[in-house]
Amino acid sequence: MPSSLDPLDIGVQIPFYFRCPISLELMCDPVTVCTGQTYDRSSIESWVATGNTTCPITRLPLTDFNLIPNHTLRRLIQDWCVANRSFGVERIPTPKQPAEPIQVRSLLKQASSASTPYRLRVTALRKLRGLARDSDMNLSVILANNAREILLSILFAGIGNSESSDLTQESIAILSMFTLSESECMYVASDTDRVGFLINLLFHSMVDVRVNSAAVIETVMAGIRSPELRTRISSHDGVFEGIIGILNFPLSYPRALKIGIKALFALCLVKQHRHKAVTEGAVEALIDRLAELEKCDMERALATVELLCRVPSGCTAFVSHALTVPLLVKVILKVSDRATEYAAGALLSLCSASEVAKCDAVAAGVLTQLLLIVQSDCTGRAKRKAQMLLKLMKDSWPDDSIENSDDFAGSDVVRF
């Protein structure tokens, strides 16, 4: 039920036939199933998605999973909402109807046909992209109609063109919403021209095209098992430059930051070419953006930092950045267990390689953080890294760092 309906029990009651029999809440998008019963769309979809094949009320088999919108009931509910506006009830919006499979097939056929006028092909792809953005259900309908294979063929038909076409831009925009199968990832990764084409799009004048290309590259890197192919992609000229350029895009476009972090992490999993990421400015990009990231992106960014700290050039670059150590110490216990582990691992690499990093860490208060990690419910790996750091920095501890502290009287960590 919308939040605006929370106080309804004080002044107005919802008619029982306006309530979904599954959720018992006001229906926003009533649909009728093959047994003649009506449910809210989200509720019956969840019911079916969890493996149920019977009607919740009648217990009869659902022989047909088509959901027919009950427009009459929806309009009655909307009228009731308007009539009870004085009680704080807001009118439910008219829902967008899900895509019909026949409509999706028609659009895909129109977009992929070389005999169709170019303008109509582009229009068909734009309609598909609009449907895909509307709902996850639409995405499922599009995927069920062989869309990925069709869109890949449209996308790579543009190889060799000096300027990317509208067909290229629209097809890669839709592909960036999907997870490709392993065979589809292999189709892309095994062809140097296709990989090079995607990398060229990282430098497109339109940032949306650049970000969509980065999303597809990340999907391909994550979807192939062959280390040789992953290495080949990360060795391509321009791939790190293009991805880091997306990371450095202005703050007004958060999607660029999110996808840039994912793509950079996928590329840095290939250890042979991490030095290329350092050379292209990955260290500065990561540290400068670290404080702006959401939880999941922060975890991935810290994992990337730890990976790059294992490269001598990366370690040197991180130590040279004045904010690296203070930031790692600051976030070490503030995000998640994974983030704690990655931050501790990065600090361990930096402090093992540099006396300056050790001093910076102590000055930033790392001792307190490490003691908290050891006493916390963090992962075993995080605790081991913290213990190794404590041992590594024993000569850098202030003389009264533990003896005069009442905060950690119960700590099982002692001076080595």
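The exercises below, each with a worked solution, concern a predicted model.

**Exercise 1. Classify the aromatic pair formed by Phe-18 and Trp-80, and state which parts of the chain the pair ties together.**

Solution.
- Step 1. A search of the whole structure finds five aromatic pairs, and Phe-18 with Trp-80 is one of them.
- Step 2. The ring centres of Phe-18 and Trp-80 are 6.0 Å apart, and the planes meet at 75 degrees. Planes over 60 degrees apart count as edge-to-face, so the pair of Phe-18 and Trp-80 is edge-to-face.
- Step 3. Phe-18 belongs to the loop between helix H1 (8-11) and strand S1 (30-32), while Trp-80 belongs to helix H3 (residues 71-83); the pair therefore ties together parts that are 62 residues apart in sequence.
- Step 4. Both Phe-18 and Trp-80 are buried. Together with Phe-16 and Tyr-17, they form one aromatic cluster.

**Exercise 2. Carry out the analysis for Phe-156 and Phe-197, and decide whether each residue is buried or exposed.**

Solution.
- Step 1. With ring centres 6.1 Å apart and planes at 65 degrees, Phe-156 and Phe-197 make an edge-to-face pair.
- Step 2. Phe-156 sits in helix H7 (residues 147-156) and Phe-197 in helix H10 (residues 192-201), so this pair ties together parts that are 41 residues apart in sequence.
- Step 3. Buried means under 20% relative accessible area. Phe-156 has 8% and is buried; Phe-197 has 10% and is buried.

**Exercise 3. Determine whether the end-to-end distance of H3 agrees with its number of residues, and how its buried and exposed residues are arranged.**

Solution.
- Step 1. H3 has 13 residues, which at 1.5 Å a residue should span 18 Å; the end C-alpha atoms are 18 Å apart, in agreement.
- Step 2. The buried residues in H3 are Leu-73, Arg-74, Ile-77, Gln-78, Trp-80 and Cys-81.
- Step 3. These buried residues cover an arc of only 160 degrees around the axis, which puts them on the same side of H3.
- Step 4. Thr-72, Asp-79 and Ala-83 are exposed on the other side of H3.
- Step 5. As background, an α-helix has 3.6 residues a turn, so residues three or four places apart point the same way.

**Exercise 4. Describe the surroundings of helix H13 and the part Leu-264 plays in the largest nonpolar core.**

Solution.
- Step 1. Seven of the nine residues of helix H13 (residues 239-247) are buried, so the helix is largely enclosed by the rest of the structure. The buried residues are Val-239, Phe-240, Gly-242, Ile-243, Ile-244, Ile-246 and Leu-247.
- Step 2. The cover over these buried residues includes H10, helix H11 (207-223), helix H12 (227-235), H14, helix H15 (274-279) and helix H16 (282-289).
- Step 3. The largest nonpolar core has 112 residues, of which Leu-264 and Phe-318 touch the most other members.
- Step 4. Leaving aside neighbours within four places in sequence, Leu-264 is in contact with residues including Phe-240, Ile-243, Ile-244 and Leu-247. Other contacts of Leu-264 include Ala-277, Ala-282, Leu-286 and Thr-304.
- Step 5. Another core lies apart from the largest one; it has 19 residues, among them Tyr-39, Trp-47, Ile-77 and Val-89.

**Exercise 5. Place Lys-262 in the fold and list its contacts beyond four places in sequence.**

Solution.
- Step 1. Lys-262 is part of helix H14 (residues 254-268).
- Step 2. At 29% relative accessible area, Lys-262 is partly exposed.
- Step 3. Without neighbours within four places in sequence, the contacts of Lys-262 are Glu-218 and Arg-300.
- Step 4. Ile-217 is 45 residues from Lys-262 along the chain, and their C-alpha atoms are separated by 9.9 Å.

Key: Residues numbered from 1 in each chain as written. Predicted model: local features only at pLDDT ≥ 70, side-chain atom pairs only at ≥ 80, totals over all residues. Heavy atoms only, no water. Phe/Tyr/Trp six-rings, centres within 6.5 Å; stacked < 30°, edge-to-face > 60°. Helix = DSSP H or I, 4+ residues; strand = E, 2+ residues; numbered from the N terminus. Buried < 20%, exposed > 50% of the residue type's maximum accessible area, 1.4 Å probe, protein only. Core = buried A, V, L, I, M, F, W, Y, C linked by side-chain atoms within 4.5 Å. Contact = heavy atoms within 4.5 Å. Expected span 1.5 Å × (residues − 1). Arc of directions from axis to C-beta.
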